[in-house]
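Student: Could you take me on a close look at a single part of this protein? I'd like to see how one strand sits among its surroundings, and then how that fits into the rest.

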Amino acid sequence: MAGAFRRLLAAVTATTVLGGLLAATPAAAAGSLDWQPCADAPGVDCAAVTVPVDWAHPDRGTTTVALARRKATDPQARIGSVLMDPGGPGGSGTEEVKNGWSLSAEITRRFDTVGFDPRGVGASGRISCGLEELIADHPRVPRNQAEFEQLAAYNRKLGESCNRLSGPLGQFGDTKSVARDMDAIRAALGEPKLTYYGVSYGTLMGQQYAELFPDKVRALVLDSNMDHSQFTSAEFLLSETRSVQAEFGEFAAWCQRTPSCALHGRDIPKLTRDLQDKAARGELRDPRSEEVIEPLDLAGIFQGNFYGPSWDRLATVLKLLVDGTAPGASAKLREDIPINYVFPSVFCDDWRLPVHDFAELETYRRVAAAFAPDVKVNSLGWTALTGCIGWPNRTSNPQHPLQVHGAPPLLVLSSRHDPATPYAWSQAVARQTGSTLLTYDGWGHGAYFKNSACVVKATDDYLISGKLPARGTHCAAVEPGTATALAARPPSTIGF
């Protein structure tokens, strides 16, 4: 998206992240959180814990971590609290819980549902960045070395503004610090051991918690996993891009077998590649607003609609771009995606993915396009990778194979066709930790929320009793748009 739309989005984002630290009531001691009714969410309680900014030097200042809780609906059957994170980086667990994010009715009957905002995010102590630096023009897909250097300079100035406005917290957004915060939350909740559900980037929090505190784990569900052993930039981007290309193939096949698809009977790969060519020439526009749609924007349209998946909407949008018309009164080109610019402060602290010059980056782009001729690149993976070029802070929590020793068995979930965290990543996490992998043989991101009674029951059994499904268990795919909704609500976070 170019011009006014992108500037408006950036301005809204900056307004969100420039709020500074929000007041919160810290926990006085373990098990004694000062829960108060949330002013903006009836039936939900709010509290906060105080944690060191730097866990290695706890005398160097503190920050707060915000919590939101819905109490178990059956107090007599209550087991404890389940801590939840929706991913990101930048997803707000408190806002999600306030807005109704939940697991199944059986889990909410027996557990308090507690969402938290990781350090730097939302109502916790925030990482704040400069408006001017955030909305400055910069090339998202450099075309030469000069533009590569412009991108690096943009990222460096943005990161420096985050450090300047956030103080020490700007350099301590890493997930290992978040895992230590989670143990402080566990203690403040009065739980002897942690019960946790994390999706997407929230899985990295759970993985690193299990590494650091294996004896404090009761049950950890890791849904749609980050693989922190993806060591190289090429490996990271290619695995991401191949997953979204595979999802494109699933979408095209669905459209051919589904008469209601807006592109039913048409050559979807051909018309998509024609759109890609137009975008590369700068000739692709939203037929309603005349906004230019750049190649990375087009890739983002695909990826955003693969999360659900929302294949029917994607087909309608593509028809609009190709023909200038679409069934119905309107077709949204993009999801309303909430963006919090804590993302690079966290991601670049967790991942060392160096790209040294334009020639190297262009090689990655060309190889990705060869592996993904229809979608060209994974927009989320590209943005994460290029967002760290020139970032001023060192990576304090770089990649490594998971080392979990002494924890009870963990449960790993994944959709077979996941556009953001490839299935191979969850396979790797299961191998590294010796965990049980439960595979949903369907589509989209966040396997628990795909209307599969099989996935929900196996997960709930584990959370309630610790009983794991048999190794190698697969749950059948549910055709998009055909399922009856289960009593669980997915988070709205779009990201890892």
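Tutor: Let's start with strand E5, then move outward to the cores and a few helices. Keep in mind that what you're looking at is a predicted model.

First, a quick bit of context. The protein chain has 496 residues, and buried ones make up 57% of them. Its secondary structure comes to 16 helices and 10 strands, and E5 is the stretch covering residues 111–116.

Now zoom in on E5. Six of its six residues are buried, so the strand is largely enclosed by the rest of the structure. Look at which way the residues point: Phe-111, Thr-113 and Gly-115 go one way, while Asp-112, Val-114 and Phe-116 go the other, and all of them are buried. "Buried" here means under 20% relative accessible area.

Who are the partners of E5? Strand E3, residues 62–70, is joined to E5 by four bridges, and the two run antiparallel. To find that pairing on screen, look for Ala-68, which stands opposite Gly-115 of E5. Strand E4, residues 80–85, is linked to E5 by five bridges, and this time the strands run parallel. Here you can look for Gly-80, which stands opposite Phe-111 of E5.

Next, the cores. In soluble globular proteins, nonpolar side chains tend to be buried together. The largest nonpolar core in this model has 43 residues, and those with the most contacts inside it are Tyr-201, Phe-236, Phe-347, Trp-351 and Phe-496. Helices H5, H7, H8, H10, H12, H13 and H14 are the elements that each give two or more residues to this core. H5 gives the most, with six residues.

Pick out Phe-347 to get a feel for this core. Skipping its neighbours within four places in sequence, Phe-347 is in contact with Pro-89, Tyr-201, Phe-236, Leu-353, Ala-384, Cys-388 and Phe-496. Apart from that core lies another one, of 30 residues, and this is where our strand comes back in: Phe-111 is among its members, along with Met-84, Val-199 and Phe-449.

Two of the helices on that list are worth a stop. Take H10 (residues 295–306). The axes of H10 and helix H11, residues 311–323, come within 8 Å and cross at roughly 155°. Angles over 145 degrees count as roughly antiparallel, so that label fits H10 and H11. Their crossing is right-handed. On the H10 side the contact is made by Leu-298, Ile-301, Phe-302, Asn-305 and Phe-306, and on the H11 side by Trp-311, Arg-313, Leu-314, Val-317, Leu-318 and Leu-321.

The other is H13, where you'll find Val-367. Val-367 counts as partly exposed because its relative accessibility is 31%. From Val-367 to Ala-234 is 133 residues in sequence, yet their C-alpha atoms are 8.9 Å apart in space.

One last strand, for contrast with where we began: Thr-436 sits in E9, residues 436–443. With a relative accessibility of 4%, Thr-436 counts as buried. Leaving out residues up to four places away in sequence, Thr-436 touches Leu-410, Leu-411, Val-412, Leu-468, Pro-469, Ala-470 and Arg-471.

Contacts across long stretches of sequence show up in the overall count too. Among contacts between residues at least 6 apart in sequence, 77% join residues at least 24 apart.

Definitions and conventions:
Residues numbered from 1 in each chain as written. Predicted model: local features only at pLDDT ≥ 70, side-chain atom pairs only at ≥ 80, totals over all residues. Heavy atoms only, no water. Buried < 20%, exposed > 50% of the residue type's maximum accessible area, 1.4 Å probe, protein only. Pairing = 2+ DSSP bridges. Core = buried A, V, L, I, M, F, W, Y, C linked by side-chain atoms within 4.5 Å. Contact = heavy atoms within 4.5 Å. Axes fitted to C-alpha atoms, helices over the stretch in contact; angles between N-to-C directions. Parallel < 35°, antiparallel > 145°, perpendicular 65-115°, else oblique. Left-handed = near helix turned anticlockwise from the far one by under 90°.
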